[in-house]
Amino acid sequence: MILIKKSFGVLRVSEDLSLLINGSRLVPAYRTLEDIVPVLYDVDSVRDLPRSTVIYSMYRGFSLEGHSTIFKNKRARFDITVMADINLGKELNKTLGHYHPLAEDSLSYPELYQVLYGEATYLLQKKVGGDILDFAVAKVKEGEAILIPPGYGHVTVNSGRSLLVMANLVSDSFQSLYDDYIKNRGAAYYLLTDGSMVPNPCYKSHPAPRVLSKKFPISKDLYSDFTSCPSCFDFLNRPSLVASRFS
Ligand SMILES: [Fe+2]
């Protein structure tokens, strides 16, 4: 059991990826090994792991009772994800990966992530036509946050050798786009358990991965920062407000 104290309450996270906030159990959506098989580096390397293994749990749309109107009015959603401390064969545990649709002009919706426990490595890629124009790797430690800029798809890797608990804040006005990641068997690079990055042969271009060290400034925590200044996060639905700042 892991205990995490945040502005929005006390989180109790168990090894089975269940989550209680202020004593109330949240209802998750699960991703199992079966779901993630299409994007794995080496499917044969997970043959001993049951396909029903839950590799991460998603708790979408959390808010305290007094704050639900703020989220609704600002068309924003606060989610928490708990990722298991397991390897997927030769790879570290990771999410399926997705892009976001366009929000305005040619800019897609951005997203904010804050690591609440453990360490995450975010694999970001910008794809135009069939080409990967940029591939960025962001290591994010407990308490830190990053912005997924407009135009980037993303995969989260649990790189901390522990459970990973992270929060994200995003527009509630779209559905994530998974098809391109599934069609291409994952991101343009795979992050393996030994820390190496292997190009995915399904892509025709592989720009050298660059380190993205820039963090998104957090005052208290993502939830508190949003609820105390909701208009500061208008860029979640209007990406032109941040496109130049974080490109
Ligand atoms: Fe996303």
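The following exercises, each with a worked solution, concern the fold, sheets, core and loops of a predicted model.

Residues are numbered from 1 along each chain as its sequence is written. Because the model is predicted, local features need pLDDT of at least 70 and side-chain atom pairs count only at pLDDT 80 or more, whereas totals for chains, interfaces and linings use all residues.

**Exercise 1. Overall dimensions**

Determine how the radius of gyration of the protein agrees with that of a compact globule, and describe the overall make-up of the chain.

Solution. Step one concerns the rule: the radius of gyration is taken over C-alpha atoms, and the globule value is 2.2 Å times the number of residues to the power 0.38. For 247 residues a compact globule would have a radius near 18 Å; the protein has 17 Å, which agrees. In step two, the box filled by the C-alpha atoms along the principal axes is roughly 50 × 45 × 25 Å.

Step three turns to secondary structure, with helices (H or I, at least four residues) and strands (E, at least two) taken as DSSP runs numbered from the N terminus. The protein has 4 helices and 20 strands. Step four considers contacts, defined by C-beta atoms, placed from the backbone, within 7 Å of each other. Of the contacts with a separation of 6 or more, 72% are between residues 24 or more positions apart.

**Exercise 2. The surroundings of β17**

Establish how many residues of strand β17 are buried and which strands pair with it.

Solution. A residue is buried if 20 or more other C-beta atoms lie within 10 Å of its own, exposed if 12 or fewer, and partly exposed in between, with C-beta atoms placed from the backbone. By this criterion 37% of the 247 residues in the protein are buried. In β17 (residues 164-171), 7 of the 8 residues are buried, and the strand is mostly covered.

Next, consider pairing, for which DSSP must find at least two bridges between two strands. Strand β7 (residues 76-83) runs antiparallel to β17 over 8 bridges, with Arg-77 bridged to Val-170. Strand β12 (residues 111-117) is also antiparallel to β17, joined by 6 bridges; here Tyr-113 stands opposite Asn-168.

**Exercise 3. The nonpolar core**

Identify which residues touch the most other members of the largest nonpolar core, and list the contacts of Leu-169.

Solution. In soluble globular proteins, nonpolar side chains tend to be buried together. A nonpolar core is a set of buried Ala, Val, Leu, Ile, Met, Phe, Trp, Tyr and Cys residues joined through C-beta atoms within 7 Å. The largest such core has 62 residues, of which Val-82 and Leu-169 touch the most other members. Its largest share, 6 residues, comes from β17. Leaving aside neighbours within four places in sequence, the contacts of Leu-169 are Ala-76, Phe-78, Leu-112, Leu-222, Phe-226, Phe-233 and Leu-236.

**Exercise 4. Two open sheets**

Trace the strand order of the sheet that contains β13, and then that of the sheet that contains β3.

Solution. The sheet with β13 is open, has 4 strands in the order β16-β13-β14-β20, and shows mixed pairing. Its edges are β16 (152-158) and β20 (210-211); each has a single partner strand, so one side of each lacks a neighbour in the sheet.

Proceeding along the sheet, β13 (residues 119-128) and β16 are antiparallel over 7 bridges, and Tyr-122 stands opposite Thr-156. Strand β14 (residues 131-141) is antiparallel to β13 over 10 bridges, with Thr-121 bridged to Lys-139. The hairpin formed by β13 and β14 has 2 residues between the strands, and Gly-129 in the turn has a positive phi of about 60°. The pairing of β14 with β20 is parallel, over 2 bridges, and Val-137 is bridged to Val-211.

The other open sheet has the order β1-β2-β3-β4, with antiparallel pairing. Its edge strands, β1 (2-6) and β4 (24-25), each pair on one side only. Strand β3 (residues 19-21) is joined to β4 by 2 bridges, with Leu-20 opposite Arg-25.

**Exercise 5. Two loop residues with positive phi**

Decide whether Leu-17 is buried or exposed, and do likewise for Asp-105.

Solution. Leu-17 lies in the loop between β2 (9-13) and β3, and its phi is near 75°, a positive value in a residue other than glycine. Leu-17 is buried because 21 other C-beta atoms lie within 10 Å.

Asp-105 lies in the loop between β10 (102-104) and β11 (107-108), with a positive phi near 50°. Asp-105 counts as exposed because it has 9 C-beta neighbours inside 10 Å.

Conventions
Two residues are in contact if their C-beta atoms, placed from the backbone, lie within 7 Å.
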